[in-house]
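Here are my notes on the helix packing and the nonpolar cores. Please read them with the model open.

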Amino acid sequence: MSRSDGMTGGSPLDDTATTRRREELLLAERESLHRYVRDLAGHDPHHVEDVVQETLLRAWQLGDRLDWQDRPIRMWLFRVARNLVIDGWRKDRAIPVGVFAADFPDDMVAPDQSGRIVDHCVLIDALRSLAPAHREAIVHVHLLGTSGSDIARWLGVPSGTVKSRTHHALRMLRRRLESRGAAA
């Protein structure tokens with residue numbers, strides 16, 4: 001009995017080998033698919049990962065209908081990922097039925113976000129310049145709002161170490177931001 005993936009047989013051992021082979025092929029394409037989606041969809045790591053996972057899931061679900069042997073699976077994966085990105089763009093710009101431009105006031109003006117974007121980029125750059133231990137402490141305490149005792153327990157270090165790392169990280173950030181002319 002010949003199957004669409006080019007592997008023969010119907011025994012459980014053959015099915016296990018087929019499954020392993022498909023898994024290996026998908027995992028081998030994951031990084032290149034990730035780069036491709038990042039280039040298409042932007043650098044939002046969560047969105048990129050969602051698209052990659054959805055693409056791999058579809059390949060897995062449609063595994064019996066795909067030609068794994070004679071045609072490279074990469075091209076199929078890239079096409080599905082591209083279509084998912086395009087579908088996301090279409091969904092984001094869709095206008096709900098029943099909403100008209102006249103329903104919105106004319107004086108509705110969105111605030112300029114360029115200043116926030118620049119501040120965000122400067123802060124991210126300054127955070128990247130910190131040592132990993134300091135960056136981890138300050139992000140968890142000040143950006144994620146995690147308590148120092150929870151972080152200490154999670155990292156397996158004394159609570160005072162987390163306080164010290166946070167304190168030194170703040171000092172280093174202030175110096176870096178001041179040296180760049182940003183208000184600390």
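1. Start with the α2/α3 pair in this predicted model. Helix α2 covers residues 45-61 and helix α3 covers residues 73-93. They pack at an angle of about 130°, and their axes are 9 Å apart. That angle makes α2 oblique to α3, because angles over 145 degrees would be needed to count as roughly antiparallel. The crossing of α2 past α3 is right-handed.

2. Look next at who meets whom. From α2 come V51, E54, T55, L56, R58 and A59. On the α3 side they meet W76, L77, V80, A81, L84 and V85. By type, the residues of this α2 contact with α3 are nine nonpolar, one polar and two charged.

3. Now the largest nonpolar core. It holds 18 residues. L33, V37 and L77 have the most contacts inside this core. Three helices, α1 (12-41), α2 and α3, each supply at least two of its residues. The biggest contribution is from α3, which gives seven residues.

4. L77 deserves its own point. It belongs to the α3 side of the contact with α2, and it is also among the core residues with the most contacts. Which residues does L77 touch, leaving aside those up to four places away in sequence? They are L26, E29, L33, T55, L56 and A59. Of these, T55, L56 and A59 are α2 residues in the helix contact.

5. Finally, there is a second core, separate from the one above. This second core has eight residues, including A126, I138, M172 and L177.

Definitions and conventions
Residues numbered from 1 in each chain as written. Predicted model: local features only at pLDDT ≥ 70, side-chain atom pairs only at ≥ 80, totals over all residues. Heavy atoms only, no water. Axes fitted to C-alpha atoms, helices over the stretch in contact; angles between N-to-C directions. Helix = DSSP H or I, 4+ residues; strand = E, 2+ residues; numbered from the N terminus. Parallel < 35°, antiparallel > 145°, perpendicular 65-115°, else oblique. Left-handed = near helix turned anticlockwise from the far one by under 90°. Contact = heavy atoms within 4.5 Å. Nonpolar A, V, L, I, M, F, W, Y, C, P; charged D, E, K, R; others polar. Core = buried A, V, L, I, M, F, W, Y, C linked by side-chain atoms within 4.5 Å. Buried < 20%, exposed > 50% of the residue type's maximum accessible area, 1.4 Å probe, protein only.
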